[in-house]
Amino acid sequence: MSHRCLWPGCNAIVLDHSWGCRGHWHRLPGNIRSWIGRAYRAGIDTDTHPTESYLKAHAAALAWILEYEQQHAAAKEARDAHNRVQ
Ligand SMILES: [Zn+2]
């Protein structure tokens with residue numbers, strides 16, 4: 001069985017026992033990886049009754065990802081602005 005990587009917007013197909021694709025998994029900070037590692041079970045992302053600990057770990061991961069992507073968008077915006085000036 002397989003499912004999609006749980007990084008928002010990523011369409012990589014990964015094995016059920018993995019949270020996400022290799023690249024995205026390793027982009028998560030260690031504390032969130034170990035949190036998810038403790039809470040994640042195969043199929044839990046599509047389970048209608050996931051555990052409370054998984055929901056909390058996943059919410060923390062999504063919040064971190066959102067911040068990460070905003071920082072990247074801001075950095076890209078700064079680069080683009082810089083390039084326009086030159
Ligand atoms: Zn991914």
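**Exercise 1. Overall form**

What percentage of the 86 residues of the protein count as buried? Relate the result to the dimensions of the model.

*Solution.* The structure is a predicted model. Of its 86 residues, 12% count as buried. Next, consider the radius of gyration: a compact globule of 86 residues would have a value near 12 Å, but the protein has 16 Å. Finally, the box filled by the C-alpha atoms along the principal axes is roughly 55 × 25 × 20 Å.

**Exercise 2. Elements and confidence**

State how many helices and strands the protein has, give their order, and identify which element has the lowest mean pLDDT.

*Solution.* The count gives three helices and two strands. Read from the N terminus, their order is β-β-α-α-α. Turning to confidence, the average pLDDT of the protein is 93, and 99% of the residues score at least 70. Among the elements, H3 has the lowest mean, 93, whereas helix H1 (residues 22–27) has the highest, 97.

**Exercise 3. Helix H3**

Determine whether the distance between the ends of helix H3 agrees with its number of residues, and whether the helix lies largely in the open or not.

*Solution.* Helix H3 covers residues 52–85, which is 34 residues. At 1.5 Å a residue, the helix should therefore span 50 Å. Its end C-alpha atoms are 50 Å apart, so the two values agree.

For the second part, count the buried residues: the number is three of 34, so H3 lies largely in the open. The buried residues of H3 are Ala57, His58 and Ala61. They pack against helix H2, residues 30–39.

**Exercise 4. Isoleucine 32**

Classify isoleucine 32 as buried, partly exposed or exposed, and find which residues it touches beyond four places in sequence.

*Solution.* Isoleucine 32 belongs to helix H2. A residue needs 20 or more other C-beta atoms within 10 Å to be buried, and 12 or fewer to be exposed. Isoleucine 32 has 18 C-beta neighbours inside 10 Å, and therefore counts as partly exposed.

Leaving out residues up to four places away in sequence, isoleucine 32 touches Ala60, Ala61 and Trp64. A distance adds to this picture: isoleucine 32 and alanine 57 are 25 residues apart along the chain, and their C-alpha atoms are separated by 7.1 Å.

**Exercise 5. Tryptophan 19 and the nonpolar core**

Locate tryptophan 19, decide whether it is buried or exposed, and list the residues of the largest nonpolar core.

*Solution.* Tryptophan 19 is found in the loop between strand E2 (13–15) and H1. With 23 other C-beta atoms within 10 Å, tryptophan 19 is buried, because the cut-off is 20 or more.

Setting aside neighbours within four places in sequence, tryptophan 19 is in contact with Leu6, Trp25, Ile36 and Tyr40. Under the condition used for tryptophan 19, leucine 6 has contacts with Trp19, Gly20 and Asp45.

The largest nonpolar core has eight residues: Leu6, Trp7, Trp19, Leu28, Ile36, Tyr40, Ala57 and Ala61. By contrast with these contacts, the C-alpha atoms of tryptophan 19 and glutamine 70, which are 51 residues apart along the chain, are separated by 22 Å.

Definitions and conventions. Residues numbered from 1 in each chain as written. Predicted model: local features only at pLDDT ≥ 70, side-chain atom pairs only at ≥ 80, totals over all residues. Helix = DSSP H or I, 4+ residues; strand = E, 2+ residues; numbered from the N terminus. Expected span 1.5 Å × (residues − 1). Contact = placed C-beta atoms within 7 Å. Core = buried A, V, L, I, M, F, W, Y, C linked by C-beta atoms within 7 Å. pLDDT = per-residue confidence, 0-100. Rg over C-alpha atoms; globule rule 2.2 N^0.38 Å.
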